[in-house]
Amino acid sequence: MENKIIRIKIKQVPHCVDIAMCVLMIISLGVSFTLKTQTHTGVPEMIAALVIFGAFFIGIICCSVVKTRLTFGEGSIIKCQWLFLFWKLDIQDFYAVTYKLGSCRTRGGGTCYIFHLLFYRGNTASYKTKDLRERLAPPIAEQCIRRCFDNVQLMKLYRYIEENYPEKAKGYE
């Protein structure tokens, strides 16, 4: 059996980027408050504030546009890349892989659907999970509710695990 390399892109922002964006937002608010309370603002303070605000807005744009790239198909290593961040998942390190469909309400009153691929490490009594998640458009989510996962990119990874590591693929959670 010949393995071929598979590359997919998913709408996922790593957890560390979420944390960095929160920190940038707090710093931006602090700088804004400081600039408002000063009686005289110098050029260096304004430049520093513009750099911080610029980094925050560039981060927002990157979070909404850049997708995570997954590469797999040669062995048990799944290579992940988001912008300049790289990480790997080794299927051999996990005892189970499951998937599930989650939903949450958005501020505008709509529903956001997320497909989770969960990797369980440890043992069944005490385990830690790693996850890959993909935001789904409502029509694709409706297909998933009907158990048709053909248009979900992460399902390609699960099918690969199911085919090559059947003892780890535990199915729908």
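Okay, let's start at R159, which counts as partly exposed because its relative accessibility is 39%. On the wording: buried means under 20% relative accessible area, exposed means over 50%, and partly exposed is what falls in between, with a 1.4 Å probe and protein chains only. The areas themselves come from the Shrake-Rupley method with that 1.4 Å probe, and for residues only the protein chains shown count as cover.

Before I go on, this is a predicted model, so local features need pLDDT of at least 70 and side-chain atom pairs count only at pLDDT 80 or more, while totals for chains, interfaces and linings use all residues. Residues are numbered from 1 along each chain as its sequence is written, and side-chain values use heavy atoms, with hydrogens and water left out.

Back to R159. What does its side chain meet in a salt bridge? The partner is E162, at 3.1 Å from N to O. By salt bridge I mean a side-chain nitrogen of Lys or Arg within 4 Å of a carboxyl oxygen of Asp or Glu. R159 and E162 are both in helix α4, residues 153-164, and because they are three residues apart there, about one helical turn separates them. Helices here are DSSP runs (H or I, at least four residues), strands likewise (E, at least two), numbered from the N terminus. E162 is partly exposed as well, with a relative accessible area of 36%.

By that rule, the salt bridge count comes to three. So let's look at R133. R133 pairs with D18, and the closest N and O atoms are 3.9 Å apart. That pair ties together distant parts of the chain: R133 sits in strand β7, D18 in helix α1, and their positions lie 115 residues apart. Is R133 buried or exposed? R133 is buried, at a relative accessible area of 14%. D18, on the other hand, counts as partly exposed, at 36% relative accessibility.

R133 has another salt bridge, this one with D131, at 4.0 Å from N to O. D131 is partly exposed, with a relative accessible area of 21%.

Now, staying with strand β7, which spans residues 127-136, we also find R135 there. R135 is partly exposed at 48% relative accessibility. And R135 belongs to a patch of positive charge on the surface, where K9, K11, K67 and R69 gather with it. A patch takes residues with over 30% relative accessible area and no salt bridge; like charges are joined within 9 Å, and nonpolar side chains (Val, Leu, Ile, Met, Phe, Trp, Tyr) within 5 Å. For the charges, Lys and Arg count as positive and Asp and Glu as negative, with His and the chain ends not counted. The place of a charge is NZ of Lys, CZ of Arg, CG of Asp or CD of Glu.

Another β7 residue is L136. L136 is buried, with a relative accessible area of 9%. Its C-alpha is 9.5 Å from that of L101, with the two residues 35 apart along the chain.

What about a nonpolar patch on the surface? I19, V23 and I27 make one of about 260 Å². I27 has its place in helix α1, residues 15-37, and I27 is partly exposed, with 39% relative accessible area.

Over to strand β2, residues 68-72, where T68 lies. How much relative accessible area does T68 have? The value is 0%, so T68 is buried. A polar atom of the T68 side chain lies 2.6 Å from the backbone oxygen of Q12. The rule for a polar contact is a pair of N or O atoms within 3.5 Å; within protein, one must be able to donate a hydrogen and the other to accept it, and residues adjacent in sequence count only if both atoms are side-chain atoms.

Last stop, the loops. L83 is in the loop between β3 (77-82) and β4 (85-90). L83 is not a glycine, yet its phi is positive, at about 55°. L83 is partly exposed, with 32% relative accessible area.

R147 also has a positive phi, near 65°, and is a residue other than glycine. You'll find R147 in the loop between α3 (138-145) and α4, and R147 is exposed, at 52% relative accessible area. F149 is in the loop between α3 and α4 too, but F149 counts as buried, at 6% relative accessibility. The C-alpha atoms of F149 and A55 are separated by 37 Å, with their positions 94 residues apart along the chain.
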